[in-house]
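Hi,

Here is the structure I promised to pass on. Have a look at it first, and then read my notes underneath.

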Amino acid sequence: MTELGQRLRQERESKGLSLDDLQKLTKIQKRYLLGIEEGNYEVMPGKFYVRAFIKQYCEAIGLDTDAIFEEYKSDIPSTQTEDMPQQLSRVRSRKEIPQHTKGVSKAYDYLPTVLVVAGVVVVGIIIWVIAQNIVSDKNKEQANQEAPNSEVQQSNTQEETNETTAKNDNSNSEDEQSAADKKEQEKEKAEKEKAAKEKAEKEKAEKEKKDSGKQEYKEVQKTGRSATYALSGTDAFNLEVTSTQADTWLDVKNGKGNAFFSSILKKGETKEFDLTKETEARVNIGYSPGVELKVNGKAVDLPFDSSKQVRQVVTIQYQPAEAQ
């Protein structure tokens, strides 16, 4: 391998190009490109093609052709026509040539130039014809190579299209089935929740109706802003507090002082408390106007006129019916 061939191969590989890639770029047969890299110029059609192919190779990989030819001129064969030997010993001076042969001698002076020009023209024509044949053969070879590849690519593309279409159809079908199943599950869940809610409300209403006939809520005593009531004749103690006019402070504790709620009750908000297990509940209302109390679903009056007594404390003593 020559230094030029090694330089060209390194440059080609640094560009990530194979000989097949370079063949497509330059339209030069792969065996000629390999011959250039290995310095085997004997595979070329002639010296002219060596220089022409090297030039195309350099241009394809981005090298300066003039600089390469100058740097590696020892590795590149020359195509210049060697000077014709001058037979000076046979040339006679004009003085020795007879007058009647001067015209013929002058014609002979131009003969070498004419022959050289004619030779160059003939060589050029031959080279052009050979180049056309090579290009034609190359085009036929490339067409034969690309035809099967094109058919294979077209077949692969069609198969990929069919596969993608099938996957999309399956995916859409699965998505539609999943959406339908999810919708059905949500519907069943909503129906179950609705049925459970209706059942709970029905049971609560029946219990309140049952207890309303026996329930007794009566005043025990009043003092200052506090009042005590006794709840009996029922097995449940459910308390509801609603503020309809404004926010109010609400504090609900049992007889032991344990708080169930101690915060602001906002306007329109209702708090429910299950105090069935307690024997006493203390309800401290900070702003009583618009506050409503319900015991086991039944509205009960506040002990004092809310316009006169804003803050009110209601204590409810509870005795279950089963304990009576």
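**Helix H2 and what follows**

In helix H2, which spans residues 19-26, the buried residues are Leu19, Leu22, Gln23 and Thr26. They span an arc of only 105 degrees around the axis, so they sit on the same side of H2. (The arc is taken from the directions that lead from the helix axis to the C-beta atoms.) Lys24 and Leu25, on the other side of H2, are exposed. By buried I mean under 20% relative accessible area, by exposed over 50%, with partly exposed in between (1.4 Å probe, protein chains only). Right after H2 comes lysine 27, with a positive phi near 65 degrees.

Before you go further: this is a predicted model, where local features need pLDDT of at least 70 and side-chain atom pairs count only at pLDDT 80 or more, while totals for chains, interfaces and linings use all residues. Residues are numbered from 1 along each chain as its sequence is written, and side-chain values use heavy atoms, with hydrogens and water left out. Helices (H or I, at least four residues) and strands (E, at least two) are DSSP runs, numbered from the N terminus.

**Two open sheets**

One open sheet has six strands in the order E1-E2-E10-E7-E4-E5, and its pairing is mixed. Two strands count as paired if DSSP finds at least two bridges between them. Strand E1 (216-223) and strand E5 (259-265) are at the edges with a single partner strand each, so each has one side without a neighbour in the sheet. E1 pairs antiparallel with strand E2 (residues 226-232) over seven bridges, and glutamine 221 has threonine 228 in E2 as its bridge partner.

The other open sheet is made of four strands, ordered E6-E3-E8-E9, with antiparallel pairing. Its edge strands are E6 (270-274) and E9 (298-300), each pairing on one side only. Strand E3 (residues 238-243) and strand E8 (residues 291-295) run antiparallel and are joined by five bridges; valine 241 is opposite leucine 293 in E8.

**A surface patch**

Which residues form the nonpolar patch on the surface? Val117, Val121, Ile125, Trp128 and Val129 do, with about 490 Å² of accessible area together. Such patches take residues with over 30% relative accessible area and no salt bridge, joining nonpolar side chains (Val, Leu, Ile, Met, Phe, Trp, Tyr) within 5 Å and like charges within 9 Å. A salt bridge here is a side-chain nitrogen of Lys or Arg within 4 Å of a carboxyl oxygen of Asp or Glu, and areas come from the Shrake-Rupley method with a 1.4 Å probe. Tryptophan 128 belongs to helix H6 (residues 102-212) and is exposed, at 56% relative accessible area.

Cheers
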